[in-house]
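Work through the exercises below with the coordinates open, and try each task before reading the solution beneath it.

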Amino acid sequence: MPMSKREIDALLKQPNVAVMAVTAPGGSPHAVPVWDEWKGGGATLFMFRDSFKFKCLERDPRITLVVDTRKPPYKCVILKGSAMIGFKKADAWVRRVSIAYYGKRKGVRYADSLKGTEFAFATLKPERIISWDYAKDSA
């Protein structure tokens, strides 16, 4: 059963490892786990400029982001659209997201190891959102 807009927003604000799907140069799908931050109706993720996922996005900005829970009752949100790409050093953003995903101690250590790095950032303002909550089906 589909989720409400509020339920979608609540799930997307949690630090769940998402799966980003893009189109590889040969036309095949390429899917990778990523961290993202949901804010203001968009998902922002970062990547190294030399990563394959960035090269795919640079060539074709169409993206699908799947965010789901890994324990029952299962919930899932699929975001589809085109990413806007930018480049910047964003130490505070990387620190905040690293702490969200790793916890304070390990997150700070990880963020500090990346301090001063210029990343490629992709922001997805979804054109289409698909969701479901299997707990609603069993109610």
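The exercises that follow treat cores, strand pairing, a pocket and a few single residues in turn.

This is a predicted model, in which local features need pLDDT of at least 70 and side-chain atom pairs count only at pLDDT 80 or more, while totals for chains, interfaces and linings use all residues. Residues are numbered from 1 along each chain as its sequence is written, and side-chain values use heavy atoms, with hydrogens and water left out.

**Exercise 1. The cores**

Task: find which residues have the most contacts inside the largest nonpolar core, and which elements each supply at least two residues of this core.

Solution. Begin with the terms: a nonpolar core is a set of buried Ala, Val, Leu, Ile, Met, Phe, Trp, Tyr and Cys residues joined through side-chain atoms within 4.5 Å, where buried means under 20% relative accessible area, exposed over 50% and partly exposed in between, with a 1.4 Å probe and protein chains only. Elements are DSSP runs numbered from the N terminus, helices being H or I of at least four residues and strands E of at least two.

The largest nonpolar core holds 26 residues, and Met20, Leu57, Leu65 and Leu79 have the most contacts inside it. At least two of its residues come from each of helices H1 (5-12) and H2 (52-59), and likewise from each of strands E1 (18-23), E2 (29-34), E4 (42-47), E5 (62-68), E6 (75-89) and E7 (118-124). A second, separate core has eleven residues, including Ala90, Val97, Ala111 and Phe119. In soluble globular proteins, nonpolar side chains tend to be buried together.

Next, take one residue of the largest core, using contact in the sense of heavy atoms within 4.5 Å. Beyond its neighbours within four places in sequence, Leu65 is in contact with several residues, among them Ala18, Met20, Val34, Leu45, Leu79 and Leu124.

**Exercise 2. Strand pairing**

Task: establish how E1, E2, E4, E6 and E7 are paired, and how E2 and E7 are covered.

Solution. Two strands pair if DSSP finds at least two bridges between them. E1 and E2 run antiparallel and are joined by six bridges, with Val22 having His30 as its bridge partner in E2. These two strands form a hairpin with five residues between them, and Gly27 in the turn has a positive phi of about 100°.

Then look at the faces of E2: His30, Val32 and Val34 make up the covered face, whereas Pro29, Ala31 and Pro33 make up the uncovered one. In a regular strand the side chains alternate between the two faces of the sheet.

Finally, turn to E7, which pairs antiparallel with E4 over five bridges and antiparallel with E6 over seven bridges. Within E7, Leu124 is the bridge partner of Ala43 and Ala120 is the bridge partner of Phe87. E7 is mostly covered, as five of its seven residues are buried.

**Exercise 3. The largest pocket**

Task: give the volume of the largest pocket and describe the classes of its lining.

Solution. On a 1 Å grid over the protein atoms alone, a pocket is an open set of points where a 1.4 Å probe fits, with protein on both sides within 12 Å along at least five of seven lines, and lining residues have an atom within 4 Å of a point. The volume, the space filled by probe spheres set on the points, is about 190 Å³.

The lining includes Val34, Trp35, Phe46, Lys53, Tyr102 and Phe119, and the elements giving two or more residues to it are E2 and E4. By class it has ten nonpolar, one polar and one charged residues, where Ala, Val, Leu, Ile, Met, Phe, Trp, Tyr, Cys and Pro count as nonpolar, Asp, Glu, Lys and Arg as charged, and the others, Gly among them, as polar.

**Exercise 4. Single residues**

Task: decide whether Thr69, Pro72 and Ser98 are each buried or exposed.

Solution. Thr69 is in the loop between E5 and E6 and counts as buried because its relative accessibility is 17%. Not counting residues up to four places away in sequence, Thr69 touches Leu11, Tyr74 and Lys75.

Pro72 is found in the loop between E5 and E6, but counts as exposed because its relative accessibility is 60%. The peptide bond from Pro72 to Pro73 is cis, with omega near -5°.

Ser98 lies in helix H3 (residues 91-102) and is buried, because its relative accessible area is 0%. Leaving aside neighbours within four places in sequence, Ser98 is in contact with Trp35, Gly103, Gly107, Tyr110 and Ala111.
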